[in-house]
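Biologist: Could you take a close look at the salt bridges in this one and walk me through who pairs with whom? I'd like the surroundings of each partner too, in one go.

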Amino acid sequence: NRHFRFLRALCEWVRKRAPQMAELSWDNYIFADDRDSRDQRPAFTPAQGATMFTLPVWTGCESPSRRNLPGPHVFHDAAYWLPLLCWYTGGRREEMAKLMPGDVLDEEDIPHLSIAVTQTGRVKNARSIRLIPLASELLRLGFLEYVKAIRREGQQVLFPDLLPGTSRQRMGDVYYKRYWRSVAKDLPFLQPGQALHSQRHMVST
């Protein structure tokens with residue numbers, strides 16, 4: 001459906017500039033969407049992202065336990081970095097949550113993430129194995145400095161605060177329960193079904 005919608009948009013664009021082009025019917029190519037509700041979550045808009053990143057988690061909070069209240073402190077942990085990584089890479093929550101220091105590479109002066117199967121978790125499918133360049137804004141905010149600090153501490157994972165209490169729990173789920181629910185309360189624009197994964201939809205659209 002996505003590919004045919006793109007093709008339809010292209011043809012409509014051409015037809016506006018070349019009226020002699022025949023009008024095409026797409027009814028036989030675009031089908032009713034039978035995916036589950038998780039896959040149909042509405043995408044964030046850039047304006048919504050700008051609103052989210054003005055919350056105290058990113059601009060200054062009161063303390064580690066009171067991240068939703070304005071204050072003088074910015075703590076660079078999973079609460080801070082994970083939504084930024086999802087926003088600027090289009091990665092899935094679990095892909096970003098399970099990152100290890102060795103997954104952040106700087107080959108040929110192009111800092112990037114390696115998304116692959118590691119000891120911290122799997123990926124959704126074979127196509128999910130990929131390299132993602134890091135946006136300049138992530139570099140400006142000091143993400144590589146954070147990675148270096150984690151390496152100096154000898155940590156095995158990029159976000160130690162997401163280590164699960166049981167082997168059945170995933171690090172992305174820990175983020176959701178520990179941090180996202182608190183952030184979501186301060187986002188009045190959220191629609192039913194919108195969550196961190198909606199950032200991925202924003203990037204893909």
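Modeller: Before the pairs, one cut-off: a residue is called buried when its relative accessible area is under 20%, exposed when that value is over 50%, and partly exposed in between. Keep in mind that this is a predicted model. With that in hand, start at Glu95, which is buried because its relative accessibility is just 4%. The Glu95 side chain meets that of Arg130 in a salt bridge, 2.7 Å from N to O. Glu95 sits in helix H5 and Arg130 in strand S5 (residues 130-133), so this contact ties together parts that are 35 residues apart in sequence. Arg130 itself is partly exposed, at 22% relative accessibility. The pair isn't on its own, either: Arg92 joins Glu95 and Arg130 in a network of salt bridges.

Helix H5 has another link to look at. The side chains of Arg93 and Asp173 also meet in a salt bridge, with 2.9 Å from N to O. Arg93 belongs to H5 (residues 93-97) and Asp173 to helix H8 (residues 171-184), so here the parts tied together are 80 residues apart in sequence. Both ends are partly exposed: Arg93 has a relative accessible area of 22%, and Asp173 comes in at 23%.

For a local case, go to helix H6 (residues 136-140), where Glu137 and Arg140 are three residues apart, which means about one helical turn separates them. They form a salt bridge too, and their closest N and O atoms are 2.8 Å apart. Glu137 is partly exposed at 25%, whereas Arg140, at 58% relative accessibility, counts as exposed. Overall, the count of salt bridges in the model comes to eight.

Now for some charges that sit in a patch instead. Asp106, Glu107, Glu108 and Asp109 form a negative surface patch; residues in such a patch have over 30% relative accessible area and no salt bridge. You'll find this patch around a hairpin made by S3 and S4, with two residues between the strands. Strand S3 (residues 104-107) and strand S4 (residues 110-115) run antiparallel and are joined by four bridges. In one of those pairings, Leu105 has His112 as its partner in S4. Glu108, in the turn, has a positive phi of about 55°. Asp109 is in the loop between S3 and S4, and with a relative accessible area of 70% this residue is exposed.

Technical notes: Residues numbered from 1 in each chain as written. Heavy atoms only, no water. Pairing = 2+ DSSP bridges. Patch = residues over 30% accessible without salt bridge, like charges linked within 9 Å, V, L, I, M, F, W, Y side chains within 5 Å. Areas by Shrake-Rupley, 256 points an atom, 1.4 Å probe, with all protein chains shown as cover. Salt bridge = Lys/Arg side-chain N within 4 Å of Asp/Glu carboxyl O. Lys, Arg positive; Asp, Glu negative; His and termini not counted. Charge placed at Lys NZ, Arg CZ, Asp CG, Glu CD. Buried < 20%, exposed > 50% of the residue type's maximum accessible area, 1.4 Å probe, protein only.
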